[in-house]
Amino acid sequence: MRHKPHEALHCPAALDMVADITGVIVTADALLTVAGHARHLPSRGAFGLSPVKGNRPALLSALDTQHC
């Protein structure tokens with residue numbers, strides 16, 4: 001059985017194909033809300049916007065307690 005490629009594994013490599021993403025805002029779906037991406041984007045000078053859902057309860061709770 002052939003496995004479908006998992007987009008979360010390939011996202012950093014795909015972004016690395018773009019020479020300069022400094023200052024870019026990268027949006028993603030909840031599947032890409034992972035710690036590795038949260039570290040990768042700032043290391044390249046970019047910003048990320050990803051939804052946090054109930055399947056990440058600790059992160060959701062931490063964000064819910066923040067008051068902007």
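**Exercise 1. Work out how much space the largest pocket holds and what lines it.**

Start with volume: the largest pocket holds about 310 Å³. Here a pocket is an open set of points on a 1 Å grid over the protein atoms alone, where a 1.4 Å probe fits, with protein on both sides within 12 Å along at least five of seven lines; lining residues have an atom within 4 Å of a point. The volume is the space filled by probe spheres set on the points, which are joined across faces, edges and corners.

Next, the lining: among its 19 residues, Leu-32, Val-34, His-37, Ala-38 and Ser-50 sit closest to the centre. Helix H2 (35-43) is one of the elements that supply at least two residues, and H2 gives the most, with 5. Helices are DSSP runs (H or I, at least four residues), numbered from the N terminus.

A word on the source: this is a predicted model, where local features need pLDDT of at least 70, side-chain atom pairs count only at pLDDT 80 or more, and totals for chains, interfaces and linings use all residues. Residues are numbered from 1 along each chain as its sequence is written, and side-chain values use heavy atoms, leaving out hydrogens and water.

**Exercise 2. Decide whether His-37 is buried or exposed, then find its contacts.**

First, place His-37: it lies in helix H2. Then check accessibility: His-37 counts as buried because its relative accessibility is 8% (buried is under 20% relative accessible area, exposed over 50%, partly exposed in between, with a 1.4 Å probe and protein chains only).

Finally, skip neighbours within four places in sequence: His-37 is in contact (heavy atoms within 4.5 Å) with Ala-8, Cys-11, Pro-12, Leu-32 and Pro-42.
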